[in-house]
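Welcome! Let's walk through this structure together, one question at a time.

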Amino acid sequence: MIIKNSSLSQRSVNTGLIRSPFFYVGDKYRILNQILPFFPTKINTYVEPFVGGGSVFLNVNAHKFVLNDIDKNMIKLHNYLCTCSSCPDMFFEQVTNRIIELGLSRSFIEDIVPNELKMEYPKTYYAKFNKKSYNFLRDEYNKNKENVLDLYLLLIYGFNRILRFNSKGDFNLPVGNVDFNKNVLNALKMYFSNVCSKSVHFYNFDYKEFVNLLTYKENDFVYFDPPYLITCSEYNKLWNESKERELLELLDKLTCSKLKWAISNLVADYNKETHNEIFDKWMQKYNIHEINSYYISFNNNKVRPTREVLVTNY
């Protein structure tokens, strides 16, 4: 196969993108305008084994969507919102009542954070204001772990908006310096509108089991966004070099079956001096598209120079 190194700046779309209402760590919203132009123009069934927050599938046109994630709570949230999409007014009434009942900040309808607190903690006043109510919400959820609306609120108000649980299965993230604002409201509205118009099916399997369960037809397309081997995040604790090689072997097999796929990955983090040599060597036999991306350092908020790519077999 001929290798192509493409500059994505010449192929991009800039309007009409939908943001996932999960604002999930690692989602591809910020680079969608670069990767989507390389997706096939005609897709029968769109398959995503690592769907995460869903920013990619929300912006793809296909006849059918088959989506998977190993995180059962992420899939629980997707299924919950899909169910709520049939009656969004009821959902918004419930979420508003719950937020008011808890006393959490809610700038999407009103600003209830005292000016004195904003002046005393100009950069962290949401965290200071929401801490007590958030801790109460977290304790309530951990009693039976069944209230999915509460789980969604924990995600929205929690630190870095991620899902994290301890060995007992208790949600254990502290409060974040965030708010249920108009961006969240608009993202939810767009999600509801989008999934209502699509044939969407969610699954909770290991990615390899999921991929091998499916029967593929002409014009089906699989997009892989696995945990990045050289990054440290909550969602890639179970990822290692063995998993990386396993995935790449699977992609080679899918190529032999003439199934079209694309995969995102981080090849190098120059600030950390880390290099994914396994992926870098493997991708040379396919089509390589450079991504203009950046990562922010957790320690000092500085931009980290990186090399991120989209690789396709077509």
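Helix 2 and the core

Q: What should the 13 residues of helix 2 (residues 72-84) span at 1.5 Å a residue?
A: This is a predicted model, where local features need pLDDT of at least 70, side-chain atom pairs count only at pLDDT 80 or more, and totals for chains, interfaces and linings use all residues. Residues are numbered from 1 along each chain as its sequence is written, and side-chain values use heavy atoms, leaving out hydrogens and water. Helices (DSSP runs of H or I, at least four residues) and strands (E, at least two) are numbered from the N terminus. The expected span is 1.5 Å times one less than the number of residues, so the end C-alpha atoms of helix 2, 18 Å apart, agree with the expected 18 Å.

Q: Which residues of helix 2 are buried?
A: Buried means under 20% relative accessible area with a 1.4 Å probe, protein chains only. In helix 2 these residues are Asn73, Met74, Ile75, Leu77, His78, Tyr80, Leu81 and Cys84.

Q: Which helix gives the most to the largest nonpolar core?
A: A nonpolar core is a set of buried Ala, Val, Leu, Ile, Met, Phe, Trp, Tyr and Cys residues joined through side-chain atoms within 4.5 Å. The largest has 65 residues, with Phe39 and Tyr46 among those with the most contacts inside it. Giving nine residues, the top contributor is helix 6 (residues 148-157).

Q: Which residues does Phe39 contact, leaving aside neighbours within four places in sequence?
A: Contact means heavy atoms within 4.5 Å. For Phe39 the partners are Tyr46, Val56, Val60, Phe221, Tyr223, Ala262 and Tyr314.

Q: Which residues does the second, separate core include?
A: This core has 26 residues. Among them are Val66, Val211, Leu250 and Val311.

How values were computed:
Buried means under 20% relative accessible area, exposed over 50%, partly exposed in between (1.4 Å probe, protein chains only).
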